[in-house]
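Here is a short briefing to read with the structure open beside you. It walks through the open and closed spaces, one charged residue, the charged pairs and two backbone angles.

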Amino acid sequence: MLKKDIRQAYREKRKRLSPMERSKLDDLLLIQFQTIDLPFISNLLSFWPIDKNGEPNIHLITGYIEFRNPGLIIAYPKTDFAAHTMTAVVPDESAGFALNQFDLHEPITGEELLPAGINMVLVPLLAVDRKGNRVGYGKGFYDRFLATCSPGCIKAGFSYFDPVDEIADTGDFDVPLDLCITPQTVYVF
């Protein structure tokens, strides 16, 4: 399947899930994630899920990683739509988050965390294939950012659904995931 077809199909699949179904699936995602034997994580790039897009509740995963890794530094993406870039920002506790023009929660202020120092990135997605290639929202922000991370950085996605067989139109610029956690299993690529 092509990315545009997958994107449309998986947006629809998510819309059909009730809030109660999503909550149950979020709990199952956390349970599956807890089965992974991860190394110590000192610097994490998480993201604020977009509720209207039916994204998994990544706050549960971020909280678990923080519990398991004392002293964890957590950054969140801040996007520059004019330059098509994304930075990892550790939010100032007193400032919090604000919605940007695309309904993304971003840190208001904070210190940038350089990609080379990040141990793990939680990557939003709509779907993934059996090779770890993902379909996101189509702007390429994460692929450009992940390309600058260290080779040892763990790239993890979370999906309510099993992988598709193949994304037919992946390109050289696409950065595959290392893991995708679903409610039933953990896929390692």
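The largest pocket of this predicted model holds about 740 Å³ of space. Its lining is made up of 32 residues. The second largest pocket has about 150 Å³ of space, and the largest cavity has a volume of about 40 Å³.

**The largest pocket**

- If you want to centre your view, go to Leu 104, Tyr 137, Gly 138, Lys 139 and Phe 141, the lining residues that lie nearest the middle of the largest pocket.
- Several parts of the chain contribute to this lining: helices α1 and α4 (141–146), together with strands β2 (73–80), β5 (105–107) and β9 (134–135), each supply at least two residues.
- Sorted by class, the lining of the largest pocket has 15 nonpolar, 7 polar and 10 charged residues.

**The second largest pocket**

- One stretch of its lining runs through Ile 36, Asp 37, Leu 38, Pro 39, Phe 40 and Ile 41.
- Phe 33, Tyr 64, Ile 65, Arg 68 and Asn 69 also line the second largest pocket.
- Helix α3 (residues 58–68) gives the most to this lining, with 3 residues.
- By class, the second largest pocket is lined by 8 nonpolar, 1 polar and 2 charged residues.

**The closed cavity**

- A search of the whole structure turns up 1 cavity of 30 Å³ or more.
- Residues lining the largest cavity include the aromatic pair Phe 47 and Phe 158, along with Ile 58, Val 123, Pro 124 and Leu 125.
- Pro 56, Arg 14 and Glu 55 are also part of the cavity lining.
- The class count for the largest cavity is 7 nonpolar and 2 charged residues, with no polar ones.

**Arg 14, a buried charge**

- Arg 14 sits in helix α1 (residues 3–15) and is one of the residues that line the largest cavity.
- Which side chain of opposite charge is nearest to the buried Arg 14? It is Glu 55, 4.5 Å away, and Arg 14 has no salt bridge.
- A salt bridge needs a side-chain nitrogen of Lys or Arg within 4 Å of a carboxyl oxygen of Asp or Glu, so the cut-off explains why a 4.5 Å separation is not counted.
- Leaving aside neighbours within four places in sequence, Arg 14 is in contact with Asn 53, Gly 54, Glu 55 and Pro 56, and also with Leu 125, Leu 126, Tyr 137 and Phe 161.
- Among these contacts, Glu 55, Pro 56 and Leu 125 line the largest cavity as well, while Tyr 137 is among the residues nearest the centre of the largest pocket.

**Salt bridges**

- The count of salt bridges comes to 7, and three of them are described here.
- Lys 15 pairs with Glu 12, with the closest N and O atoms 3.9 Å apart.
- Lys 15 and Glu 12 are 3 residues apart in helix α1, so about one helical turn separates them.
- Lys 15 is exposed at 63% relative accessibility, whereas Glu 12 is partly exposed at 36%.
- Arg 22 and Asp 51 meet through their side chains in a salt bridge of 3.0 Å, N to O.
- Because Arg 22 lies in helix α2 (residues 19–33) and Asp 51 in the loop between β1 (43–45) and α3, this pair ties together parts that are 29 residues apart in sequence.
- Arg 22 is buried at 15% relative accessibility, but its partner Asp 51 is exposed at 58%.
- Lys 155 forms a salt bridge with Asp 178, the closest N and O atoms being 3.1 Å apart.
- This pair links distant parts of the chain, 23 residues apart: Lys 155 is in strand β10 (residues 154–158), and Asp 178 is in the loop between β10 and β11 (179–181).
- Lys 155 is buried, with a relative accessible area of 10%, and Asp 178 is partly exposed at 25%.

**Positive phi angles**

- Where is His 84 found? His 84 lies in the loop between β2 and β3 (85–91).
- The phi of His 84 is near 55 degrees, a positive value in a residue other than glycine, and His 84 is partly exposed at 43% relative accessibility.
- Asp 103, in the loop between β4 (97–99) and β5, also has a positive phi, near 65 degrees.
- Asp 103 is partly exposed, with a relative accessible area of 33%.

How values were computed: Residues numbered from 1 in each chain as written. Predicted model: local features only at pLDDT ≥ 70, side-chain atom pairs only at ≥ 80, totals over all residues. Heavy atoms only, no water. Helix = DSSP H or I, 4+ residues; strand = E, 2+ residues; numbered from the N terminus. Buried < 20%, exposed > 50% of the residue type's maximum accessible area, 1.4 Å probe, protein only. Lys, Arg positive; Asp, Glu negative; His and termini not counted. Contact = heavy atoms within 4.5 Å. 1 Å grid on protein atoms, 1.4 Å probe; cavity = no way out; pocket = protein on both sides within 12 Å on 5 of 7 lines; lining within 4 Å. Points joined across faces, edges and corners; volume = space filled by probe spheres on them. Nonpolar A, V, L, I, M, F, W, Y, C, P; charged D, E, K, R; others polar.
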